[in-house]
Amino acid sequence: MTLADARADNPVKFPDIEVAIWRGSEDGGYRTYRVPRQASQTVLDVVTFVQRRIDPTLSYRFACRVGVCGSCAMTVNGRPRWTCRTHVSNVVEDDRLEIAPLANLPVIKDLATDMSRFFEKWQEAKGVHVPTATRHDPIPTISPLETRRAAANAAIECINCGICFSACDTVRWNADYLGPAALNRAWTLANDARDGGHAARLPAVAAKGGCHACHTHQSCEQHCPQALNPTASIAGLKRLTVEAFIRGELT
Amino acid sequence: MNMRLYLVQRGTALLMMPLIVGHLVVIFYASSRGVSATEILGRTTGSVGWAVYYGAFVVLAAAHAAIGLRTIAMEWGGLSDRAASAVMWGAGFLLFTLGLRAVFAVIAPGSLA
């Protein structure tokens with residue numbers, strides 16, 4: 001019988017989890033709660049238990065609970081994670097969890113951060129699809145085997161959770177840096193044959209704080225819950241911008 | 001980092017790679033063969049080839065390191081663009097001067113005395 005099975009069969013035998021949760025805003029502190037262990041319990045289950053059963057004033061975000069919406073990201077035992085898909089058994093240390101808001105973003109209250117900055121960076125990186133056709137035009141045929149489409153597909157499944165932004169050293173050090181998610185988005189659009197925003201996007205990602213600020217630490221790739229590799233996308237943007245510079249299209 | 005600084009830093013890194021390999025080969029050769037300082041100076045003194053080789057090395061290293069220090073000054077030191085650029089030019093000038101002095105010391109020993 002595995003430990004997990006044993007806990008499922010007889011949860012009372014196992015100790016509660018001691019959960020330290022960040023309370024307050026930037027100058028807040030940790031408050032500790034005791035939460036009963038459950039089989040297949042996620043970190044989001046733990047936070048929800050605290051709010052529903054112990055302290056209803058606890059603020060946090062979630063929506064889908066199945067790893068699609070990207071809204072429940074928090075810092076768990078020092079690492080940014082999607083809490084709905086993070087099993088307690090995989091991250092608990094000595095029956096203890098420490099849950100904090102995402103780093104690199106201002107804290108509104110408790111576990112809820114102000115993500116405006118994160119999404120503003122998407123706008124600055126021109127991470128918006130610019131249509132080149134109307135609904136009346138025929139739908140272009142794009143083979144998934146095309147090199148550019150394959151590059152876009154490899155990076156497209158971002159759920160905007162902000163984990164890479166929270167994990168990135170360059171974001172922490174450089175307030176101008178656009179961050180892995182926004183640059184990853186720009187890369188998918190740069191490879192989208194239907195997009196018409198290339199001319200404006202390249203100068204945006206080549207400007208101060210753009211792709212060239214990345215130090216290739218690869219924390220984004222390490223922590224991305226979708227197993228994407230924003231560092232590779234940023235390297236792609238570096239290549240594109242250098243090529244454009246050599247052609248005289250970027251100054 | 002802007003585009004031009006990025007290109008200069010990557011470009012200097014690219015150009016320095018063969019120079020670094022050559023430099024290491026020279027060091028291993030000199031140390032394994034037990035070549036004395038006098039013998040080394042005998043070969044480098046008045047050599048245009050070694051002057052160009054290590055002169056280019058100094059220029060590339062000074063530019064490359066100075067741009068890196070500019071980024072560190074901004075990211076770790078919290079310096080503004082302007083202040084970090086001043087650090088870059090200062091560090092670049094210092095490395096260029098010290099490096100060139102070292103090149104002169106082996107190409108034209110006694111010229112700095």
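## Chain A at a glance

Of the 251 residues of chain A, 39% count as buried. The model described here is a predicted one. Chain A contains 11 helices and seven strands, and its C-alpha trace spans about 70 × 40 × 35 Å along the principal axes.

Among the contacts in chain A with a separation of 6 or more, 65% are accounted for by residues 24 or more positions apart.

## Packing of helices 9 and 11

One pair of elements in chain A is described here in detail. Helix 9 of chain A, which covers residues 198-206, packs against helix 11 of chain A at an angle of about 110 degrees, and the two axes lie 10 Å apart. Angles of 65 to 115 degrees count as roughly perpendicular, and helix 9 of chain A and helix 11 of chain A are therefore roughly perpendicular to each other.

On the side of helix 9 of chain A, the contact is made by A:Leu202, A:Val205 and A:Ala206. Helix 11 of chain A contributes A:Leu237, A:Leu240, A:Thr241 and A:Ala244. Sorted by class, this contact has six nonpolar residues, one polar residue and no charged residues.

## The interface with chain B

Chain A also meets a second chain: 10 residues of chain A are in contact with eight residues of chain B. Helix 11 of chain A, residues 230-246, supplies three residues, the largest share of the side of chain A that touches chain B. By class, that side of chain A has six nonpolar, three polar and one charged residues.

Helix 11 of chain A thus appears in both settings: it packs with helix 9 of chain A, and it contributes to the side of chain A that touches chain B.

Key: Residues are numbered from 1 along each chain as its sequence is written. Chains are lettered from A and ligands numbered from 1 in the order in which they are written. This is a predicted model: local features need pLDDT of at least 70, side-chain atom pairs count only at pLDDT 80 or more; totals for chains, interfaces and linings use all residues. Two residues are in contact if their C-beta atoms, placed from the backbone, lie within 7 Å. Helices (H or I, at least four residues) and strands (E, at least two) are DSSP runs, numbered from the N terminus. Ala, Val, Leu, Ile, Met, Phe, Trp, Tyr, Cys and Pro count as nonpolar, Asp, Glu, Lys and Arg as charged, and the others, Gly among them, as polar. A residue is buried if 20 or more other C-beta atoms lie within 10 Å of its own, exposed if 12 or fewer, and partly exposed in between; C-beta atoms are placed from the backbone. Axes are lines fitted to C-alpha atoms, for helices over the stretch in contact, and angles run from 0 to 180 degrees between N-to-C directions. Angles under 35 degrees count as roughly parallel, over 145 as roughly antiparallel, 65 to 115 as roughly perpendicular and the rest as oblique.
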